[in-house]
Amino acid sequence: MANIKSQKKRILTNEKAHQRNVAYKTQLKHAVRKTREAIESGDKEAAQEAYAQAAQKLDKAAGRGIIHRNNAANRKSALALAINKM
């Protein structure tokens with residue numbers, strides 16, 4: 001454990017940010033999973049609606065630095081390809 005007051009505070013703020021990032025990543029995984037389930041069920045309309053939500057969440061996560069922008073782009077691309085193959 002740190003002895004310096006500012007470092008103790010930094011540890012606390014880092015933990016808060018970590019918890020926030022974990023929660024956002026969980027939301028992201030749910031959105032992507034919902035899209036994949038809609039694709040597997042064969043419902044193109046539901047898949048497109050779920051994709052719109054997932055793409056928005058991916059873009060926000062990339063903008064906030066939670067995931068890398070290329071990671072977001074690759075995941076959006078893979079989902080879009082899967083929907084277009086339906």
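A78 is partly exposed, because its relative accessibility is 34% and the buried class ends at 20% while the exposed class begins over 50%. This value, like those that follow, comes from a predicted model. A78 sits in helix α3. The C-alpha atom of A78 lies 13 Å from that of R33. Along the chain, A78 and R33 are 45 residues apart.

The overall fold is helical. Three helices and zero strands make up the secondary structure of the protein chain. In sequence order the pattern reads α-α-α. The radius of gyration is 17 Å, well over the 12 Å that the globule rule gives for 86 residues, so the protein chain is more spread out than a compact globule. Along the principal axes, the C-alpha atoms fill a box of roughly 60 × 20 × 15 Å.

Burial and contacts were examined next. Of the 86 residues, 22% count as buried. Among contacts with a separation of 6 or more, 60% join residues 24 or more positions apart. The surface exposed by the protein chain is about 6400 Å². Carbon and sulfur atoms supply 49% of that surface. The charged side chains comprise 19 positive and 7 negative ones. The centres of these two sets are 16 Å apart.

In soluble globular proteins, nonpolar side chains tend to be buried together. Here the largest nonpolar core holds seven residues: Y24, L28, L58, A61, I66, I67 and A72. Helices α1 (5-41) and α2 each supply at least two residues of this core. L28 is one of the core members. With residues up to four places away in sequence left out, L28 touches K57, L58, A61, I67 and R75. Of these partners, L58, A61 and I67 also belong to the core.

Several further positions help to place the helices. H30 lies in helix α1. H30 has a relative accessibility of 44%, so this residue counts as partly exposed. The C-alpha atoms of H30 and A54 are separated by 8.6 Å, although their positions lie 24 residues apart in the chain numbering.

A46 belongs to helix α2. The relative accessible area of A46 is 27%, and A46 is therefore partly exposed. A46 and T35 are 11 residues apart along the chain. Their C-alpha atoms are separated by 7.9 Å.

H68 is found outside the helices, in the loop between α2 (44-64) and α3 (69-85). Its relative accessibility of 48% is not over the 50% needed for the exposed class, so H68 counts as partly exposed. From H68 to I4 the C-alpha distance is 32 Å. These two residues are 64 positions apart along the chain.

Key
Residues are numbered from 1 along each chain as its sequence is written. This is a predicted model: local features need pLDDT of at least 70, side-chain atom pairs count only at pLDDT 80 or more; totals for chains, interfaces and linings use all residues. Side-chain values use heavy atoms; hydrogens and water are left out. Helices (H or I, at least four residues) and strands (E, at least two) are DSSP runs, numbered from the N terminus. The radius of gyration is taken over C-alpha atoms; the globule rule is 2.2 Å times the number of residues to the power 0.38. Buried means under 20% relative accessible area, exposed over 50%, partly exposed in between (1.4 Å probe, protein chains only). Contact means heavy atoms within 4.5 Å. Accessible areas come from the Shrake-Rupley method with a 1.4 Å probe; for residues, only the protein chains shown count as cover. Lys and Arg count as positive and Asp and Glu as negative; His and the chain ends are not counted. The place of a charge is taken as NZ of Lys, CZ of Arg, CG of Asp or CD of Glu. A nonpolar core is a set of buried Ala, Val, Leu, Ile, Met, Phe, Trp, Tyr and Cys residues joined through side-chain atoms within 4.5 Å.
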